[in-house]
Number of protein chains: 2
Amino acid sequence: MPRQSATPSASGHAARRRGPSMADVAREAGVSGQTVSRVANGKTNVDDATRERVLAAMRRVGYRPNSAARALRNGKFRSIGVIISALPTFGNSRTLDAIAAAVVAQGFSIILMPVTRPTQGEVTGAFSKLNEQAVDGVIILIEQHQLDQSEIELPHGLPVVVIDSSARYDYPVVDTDQADGAARATRHLLDLGHETVWHIAGPPQSYAAERRRKSWQATLTAAGRAVPPVRTGDWSPESGYRAGLALAADPAVTAVFAANDQMALGLLRALHEAARNVPGDVSVVGFDDMEESAHFWPPLTTIRQSFEAVGRHAVEALLAEIETGAEAGEPVSVPTELVVRSSTAPPPA
Amino acid sequence: MPRQSATPSASGHAARRRGPSMADVAREAGVSGQTVSRVANGKTNVDDATRERVLAAMRRVGYRPNSAARALRNGKFRSIGVIISALPTFGNSRTLDAIAAAVVAQGFSIILMPVTRPTQGEVTGAFSKLNEQAVDGVIILIEQHQLDQSEIELPHGLPVVVIDSSARYDYPVVDTDQADGAARATRHLLDLGHETVWHIAGPPQSYAAERRRKSWQATLTAAGRAVPPVRTGDWSPESGYRAGLALAADPAVTAVFAANDQMALGLLRALHEAARNVPGDVSVVGFDDMEESAHFWPPLTTIRQSFEAVGRHAVEALLAEIETGAEAGEPVSVPTELVVRSSTAPPPA
DNA sequence: CGGCGAGATGTTTACGTCAACATGGACGGC
DNA sequence: GCCGTCCATGTTGACGTAAACATCTCGCCG
C-alpha cells in the first residue's frame, strides 16, 4: 500500500519528491484528511486537542499546502497578474513595487508578465497566457500604446484594471492626474514672471505625455500667452539633451517645462554647456520627482507624483472587482504636488 | 447529466463561470479528452484531420489549458519565484527585468515576492510562501543582508540561485565582479596621476559595497599609496551629498571613487556648492552607469555593470538546476567595464 | 490470406484539496 | 428515559489534466 517508493533514487535522477500532502499529515496525526483541511483553513469546528495534534503533525512532516490543488479545487488562484512594459523605468518600477506590496498585503501573490513592445499582439499574448489560467485578475501597466483606432482589445471575463489616463478602455482606470501636474508646473513658471513657458514633451504615443502637453498648452492659452513650438523627446535624458541644445541656443527661452525629470536632466546639461545659468537665465521644471532630482545641479524644481498611491488604488480597484464581480466605475485620479527647489527663479531683468 | 447548471446566475452573484475544459472541447470535437490533451501538448501521434478538428473545437469554445490542473498533475509549475527587496532601486529593477525576460523566453512565468526588509524572518516567510507551493525554483535578489553569523537559512529541496557575491551560501551564486570593477575605477584615477583615491562606500551590510571597498583598498595598497579614511553612505544621492560636503572641504582630496552613481551625483552637487571644479580640482568616478550618468554635470566617468547579464545567468543556472536536479557549482562572475566621460582628469598641477 | 506490428484513439485513474453529505456520540427538554 | 440537536469527525466525489494501459484499425509480409 505504499503510495510511492520510499527511496527517492528509485524513480530516476532528477525526480524531486513531492512534498507531504494532507494525507501524510492525516496519517501522522491519526485523523482524516478532512480534519487536516479544516485545521489548515482555520475552521472553528475542530476540537482544540485535535487541532494541536494536527498542527504538530504538520510541523513534523513539514507540510505545505499545495496551491495548485487548491486553485483547482476552488477555481481561484489568489494571485493577480501584472502586464508591464519598460519595467526598469523609474515610474514603472516604483508603481510595480507599490502594486506588489499592496497585493501581498492581501495575501495574494503576483505574476509578472513583461512585454518588450506594447503592441496589440504582445499584450494580448501576455494576457492570454494569464487568462483563466493562473490569475484572478490583471493590472496593465503599459506606458506607451500603439494606438491606432483599434485600441488594445482584451477578451472579457477576467477583471482588469488599467493604469493609464485614457478613458477609452471599458476597464477601470487609475492614474496620476497628469493635467493637474502639468498645469501646476506651467503656472509656477508664469507666476514667477516668465512671459511664456517652453515644453519638452514625452513621446506622442504616451497618453501621459499627451496629457501633460495639452495641459501645458491649455494653461498658457488660458493665461493669454503665446504657445511656443513643442520639442518632443522620448523620456530619455539623451532626448532631453538634444532638445535642450536647440533651446539653449535661443535667447528668448527663459522657462522650460520638461515632461519628466530625466529629460530635464539632459536639458540642464545642454544649458550648462551653453553657459546659460540656471535659474539665473533659464528656469527649469521637471515631472516625477525622482530620488536623484534633489541633487541635480541645480536641484530640480519638479512635480511629484505618487506612484505609491497609483499602485495602491489599482490593487484596491482590482481586488474589489474580483470580490464583487462588479466592473467598478469611476476612474481614479491621483493628485500631484509641486516641489520647489533651485532650478526656478524670476526671469532675467 | 449536466455537469453544472447552465445558467450562470443560478449559483450566486459573483460566481465567475469556469472556463471550458478539455471535456468540453472533447464533446465539441467528438473525441476523447485524452486526444484533446495530446493535441494541446503537441504530441505527434494524432491524425492530422483529428488534430484540425480538435483545434477548431478549441477555438470555438475558447479553450485555455488550466494551469492549476496541469501543475497538480505533473507536480511542476513552470514558474519561478523571485524574492526581491528594494525593487525600485536602479540595479534591482534592471536585474529583475532581465530575469523576467529570460524566464518568459523559456516559457516559464515569474512570481514576485517583495520583502520590505531583508531580515531572516521576512525572507524565510517569503520563501515558505513559495516553497513547494507554486514554484519550481527561486531566485533571491536581496541587496542588503542582515548578516550576523546566522546567515539567512533556507529549507532545502527547492532549487535556489542567489544574486550576490558572497560565497557563504550553499547555493549557486551569480553577481557582477565587484572587485574587478572597483579596481578598475581606482586604477583609472591612479593612472591619471592622482596621489591617492578617496572612497564613498555603500552600506556595510551590503556584500557588494564591502567588496568594492576592499578592492579599492587593496588596489591602493598594492600601488603603495596611502589609504584615506572611508566615508560610508547608503547608496542614496543624499548620503553621497553629505559625505561630499566633508570631502569638498578638504583641499587634499583630488580624486574620489563613489560606490555607485547616485552617491556620485550627491558628491558632484557638494563639489559644485563648494565651487570645487570637476574634473579640474577633483575627479569623480561612480559605479553602475545608470542612464542618467552620461548627463550629469559633468558627465560621469563610471563602471558599467551588466545587470542584463547577471539576470540572464541567474535564470540559466536556475533552470539548469531545475532540469537536472544538480546543485550546480561554480559561482558566475560578470565582468565590468570602465566608461570614461568628463568627470575625471589629471590632478591640478 | 492469416497474423503481426504500428499507429490512432479510448478508458481508467491519480494528483491534493475541500464542499457536501453521512455518522456517531453527548446533552438537554419534556 | 426518549427524542431532537448540535458538534466533532469521517467518507465520497469532483475540480482538469495526462500517464499508463487497453483497444481497434490498418497495411504489409511471409
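How many nonpolar, polar and charged residues does the surface near DNA strand C have? The legends below take this up, then turn to the contact between the two protein chains. The model is predicted.

**View 1. Residue classes on the surface near DNA strand C.** This surface has 13 polar residues, eight nonpolar residues and six charged residues.

**View 2. Residues and helices around DNA strand C.** The strand is surrounded by 27 residues. Met22(A) is among the closest, and so are Ser32(B), Gln34(B), Asn45(B) and Asp47(B). Four helices each give two or more residues to this surface. Chain A contributes helix H2 (33-40) and helix H4 (67-74). Chain B contributes helix H2 (33-40) and helix H4 (67-74). H4(A) gives the most, with five residues.

**View 3. The side of chain A that touches chain B.** Here 48 residues of chain A are in contact with 48 residues of chain B. Elements of chain A that each supply at least two residues to this side are H4, helix H5 (90-105), strand S2 (109-115), helix H9 (237-249), helix H10 (261-273) and helix H11 (307-324). H5(A) provides the largest share, seven residues. By class, this side of chain A divides into 23 nonpolar, 15 polar and 10 charged residues.

**View 4. Strand pairing between chains A and B.** S2(A) pairs with strand S2 (residues 109-115) of chain B. The sense is antiparallel, and the pairing runs over three bridges. Within S2(B), Ile110(B) stands opposite Leu112(A). S2(A) is also one of the elements that supply at least two residues to the side of chain A touching chain B.

Technical notes: Residues are numbered from 1 along each chain as its sequence is written. Chains are lettered from A and ligands numbered from 1 in the order in which they are written. This is a predicted model: local features need pLDDT of at least 70, side-chain atom pairs count only at pLDDT 80 or more; totals for chains, interfaces and linings use all residues. A residue is near a molecule or strand if its C-beta atom, placed from the backbone, lies within 6 Å of it. Ala, Val, Leu, Ile, Met, Phe, Trp, Tyr, Cys and Pro count as nonpolar, Asp, Glu, Lys and Arg as charged, and the others, Gly among them, as polar. Two residues are in contact if their C-beta atoms, placed from the backbone, lie within 7 Å. Two strands pair if DSSP finds at least two bridges between them.
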